Amino acid sequence: PQSVRLDMLDYFAFGSTRPSTNAFGGEARMTALSDAVLAFDTDKDVNVQIAVIPTAKADTLLALVTTLRMPVADSDVQFFTTGWEPAPKAPFSMPTYAEWLSAEGLRHSDDVHTELPFMPVSAEFDPEARMLMLSNQAPEYLDKSRRDSIAPRIVASRVYDITDGKFMLRK
């Protein structure tokens, strides 16, 4: 309900970490608030970030990042208009599995696929710095006995600079 959302804002504004009870009985709390970003935990395993992305056309997109923290952090990024309609053309899509493999990983992709059937990646916007940071969480997912052999075969992170609503991979 609206009163719970208002309570979350009040708690955050006054520096309190007190949670609010969400509709499913979980503990929700706001974790960030600025003119460009709003972030909150809907419970201990889910974080939601809403970021404002200005575009060249002087309109604005909203980026919705939902991060599940089990077994390790893994994010989904979606884009919407300010009316919460899906963006007609998303300015960014998550990198493919192969894009997370290093040159060595591409040479040994069967071994990597055996250990990592999916690539868990967390995403976080920093609208003030105009960038999107993706962090590969695969090392945390891997069994410790395989971590050292697989880690050099994957890319640890990717950073995208955002200019006029366009996402450019930082070299």
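This passage describes the fold, the sheets, the nonpolar cores and selected residue contacts of a predicted model.

The protein is made up of five helices and 10 strands, and its C-alpha atoms fill a box of roughly 55 × 40 × 25 Å when the box is taken along the principal axes. Of its 171 residues, 37% count as buried. Among the contacts with a sequence separation of 6 or more, 39% are accounted for by residues that lie 24 or more positions apart.

Six of the strands form an open sheet, in which the order is β1-β2-β3-β4-β5-β6 and the pairing is antiparallel. The edges of this sheet are taken by β1, which covers residues 20–21, and by β6, each of which pairs on one side only. Within the sheet, strand β3, spanning residues 37–43, is joined to β4 in the antiparallel sense over six bridges, and F40 stands opposite V48 of β4. Helix α1 packs on this sheet, where α1 touches β1, β2 (27–33) and β3, and the direction of the helix makes about 55° with that of β2. The helix itself runs over residues 2–13 and, with 12 residues, reaches 17 Å from its first C-alpha to its last, close to the 16 Å expected at 1.5 Å a residue. After α1 comes G15, a residue with a positive phi near 80°.

A further open sheet is formed by four strands in the order β7-β8-β9-β10, again with antiparallel pairing. Here the edge strands are β7 and β10, the latter covering residues 166–169, and each of them pairs on one side only. With direction ignored, neighbouring strands of this sheet are turned by 25° against each other on average. The antiparallel pair β7 and β8 is held over six bridges, and one of the bridge partnerships sets A123 against L134 in β8. These two strands form a hairpin with four residues between them, and in the turn R130 has a positive phi of about 55°. Strands β9 and β10, which also run antiparallel, are joined by four bridges, with D161 having M168 of β10 as its bridge partner.

The nonpolar residues were examined next. In soluble globular proteins, nonpolar side chains tend to be buried together. In this model the largest nonpolar core has 28 residues, of which F79, L116, M119, F125, L132, L134 and F167 touch the most other members. Two or more residues are given to this core by each of β4 (46–54), β5, β6 (73–81), β7 (121–126), β8 (131–136) and β9 (157–163). A second, separate core comprises 11 residues and includes A28, M30, V46 and L62. The surroundings of M119, one of the highly connected members of the largest core, were also listed: leaving aside neighbours within four places in sequence, M119 is in contact with D74, Y97, W100, L101, N136, A138 and I154.

Two residues of strand β5 were considered in detail. The first, T67, lies in this strand, which extends over residues 60–69. With a relative accessible area of 9%, T67 is classed as buried because this value falls under 20%. Not counting residues up to four places away in sequence, T67 touches D45, V46, N47, A73, D74, S75 and A123. With one of these residues, S75, the side chain of T67 also makes a side-chain polar contact of 2.6 Å.

The second, R69, likewise lies in β5. Its relative accessibility is 33%, and R69 therefore counts as partly exposed, since this value lies between the limits of 20% and 50%. When residues up to four places away in sequence are not counted, R69 touches D41, D43, K44, D45, V46 and N47. The side chains of R69 and D41 are joined by a polar contact of 2.8 Å. By contrast, R69 and K166, which are 97 residues apart in sequence, are 28 Å apart in space, C-alpha to C-alpha.

Notes. Residues numbered from 1 in each chain as written. Predicted model: local features only at pLDDT ≥ 70, side-chain atom pairs only at ≥ 80, totals over all residues. Heavy atoms only, no water. Buried < 20%, exposed > 50% of the residue type's maximum accessible area, 1.4 Å probe, protein only. Polar contact = N/O pair within 3.5 Å; in protein donor to acceptor, adjacent residues only side chain to side chain. Contact = heavy atoms within 4.5 Å. Core = buried A, V, L, I, M, F, W, Y, C linked by side-chain atoms within 4.5 Å. Expected span 1.5 Å × (residues − 1). Pairing = 2+ DSSP bridges. Axes fitted to C-alpha atoms, helices over the stretch in contact; angles between N-to-C directions.
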